[in-house]
Amino acid sequence: MTAITVAGRTLDEPPSYAADSADIEVVHLSDGDVDELVSDALDAAGCTREELDQQAATGDFTSELARRMWFLVSSFDPPAE
């Protein structure tokens, strides 16, 4: 299983919401960075985007990791019109 790490923290770690705004670093991702992140997330979930979409549609994820990867991957989708 691939560990997804964002800003030096794996997605298994609970977030800390007590950050000082001066300590927050904004990272701008290129399209290539997003593609790589999505690909890594799908690899970690062990399924294709279509399979993950189907799991989300039914609410029946194959694992907790797949559910978490759905939230990550879907956050990069363009907004609905």
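A residue is termed buried when its relative accessible area is under 20%, exposed when that area is over 50%, and partly exposed in between, with a 1.4 Å probe and the protein chains only. By this criterion, the buried residues of helix 3 (residues 64–74) are Leu65, Ala66, Met69, Trp70, Leu72 and Val73. The structure is a predicted model, in which local features need pLDDT of at least 70 and side-chain atom pairs count only at pLDDT 80 or more, whereas totals for chains, interfaces and linings use all residues. Residues are numbered from 1 along each chain as its sequence is written, and side-chain values use heavy atoms, with hydrogens and water left out.

The secondary structure of the protein consists of three helices and two strands, where helices (H or I, at least four residues) and strands (E, at least two) are DSSP runs numbered from the N terminus. Along the sequence these elements follow the pattern β-β-α-α-α. Of the 81 residues of the protein, 22% are classed as buried. The cover over the buried residues of helix 3 includes helix 1 and helix 2 (49–58); contact here means heavy atoms within 4.5 Å. Among contacts between residues at least 6 apart in sequence, 55% join residues at least 24 apart.

The accessible surface of the protein amounts to about 6,100 Å², and 51% of this area belongs to carbon and sulfur atoms. Accessible areas were obtained by the Shrake-Rupley method with a 1.4 Å probe, and for residues only the protein chains shown count as cover. Surface patches were built from residues with over 30% relative accessible area and no salt bridge, like charges being joined within 9 Å and nonpolar side chains (Val, Leu, Ile, Met, Phe, Trp, Tyr) within 5 Å. A nonpolar patch of this kind comprises Val27, Leu29 and Phe76, which together have about 260 Å² of accessible area. Leucine 29 is situated in the loop between strand 2 (9–10) and helix 1, and is partly exposed because its relative accessibility is 43%.

A negative patch on the surface is made up of Asp31, Asp33, Asp35, Glu36, Asp40 and Asp43. For charged patches, Lys and Arg count as positive and Asp and Glu as negative, while His and the chain ends are not counted; the place of a charge is taken as NZ of Lys, CZ of Arg, CG of Asp or CD of Glu. Within this patch, aspartate 35 lies in helix 1 (residues 31–45) and, at 56% relative accessibility, is exposed. Aspartate 40 is also placed in helix 1, but its relative accessibility of 31% makes it partly exposed. The C-alpha atoms of aspartate 40 and methionine 69 are 9.5 Å apart, with their positions 29 residues apart in sequence. Methionine 69 is one of the buried residues of helix 3.

Side chains of opposite charge can pair when their charged atoms come close. Four salt bridges were found in a search of the whole structure, a salt bridge being a side-chain nitrogen of Lys or Arg within 4 Å of a carboxyl oxygen of Asp or Glu. Aspartate 53 and arginine 49 form one such pair, at 2.8 Å from N to O. These two residues are four residues apart in helix 2, so about one helical turn separates them. Aspartate 77 likewise pairs with arginine 49, at 2.7 Å from N to O. Since aspartate 77 lies in the segment after helix 3 and arginine 49 in helix 2, this pair ties together parts that are 28 residues apart in sequence. Aspartate 53 is partly exposed at 31% relative accessibility, and aspartate 77 is partly exposed at 34%.

A further salt bridge joins glutamate 64 and arginine 68, at 3.4 Å from N to O. Both residues lie in helix 3, four residues apart, or about one turn of the helix. Glutamate 64 is partly exposed, with 41% relative accessibility, as is arginine 68, with 33%. Through shared partners, salt bridges link Arg49, Asp53 and Asp77 into one network.

Two other positions concern helix 2 and the loop before it. Glycine 46 occupies the loop between helix 1 and helix 2 and is exposed, with a relative accessible area of 64%. Its C-alpha atom is 9.7 Å from that of serine 63, 17 residues away along the chain. Glutamate 51 is located in helix 2 and is partly exposed, at 42% relative accessibility. The C-alpha atoms of glutamate 51 and threonine 62 are separated by 10.0 Å, the two residues being 11 residues apart along the chain.
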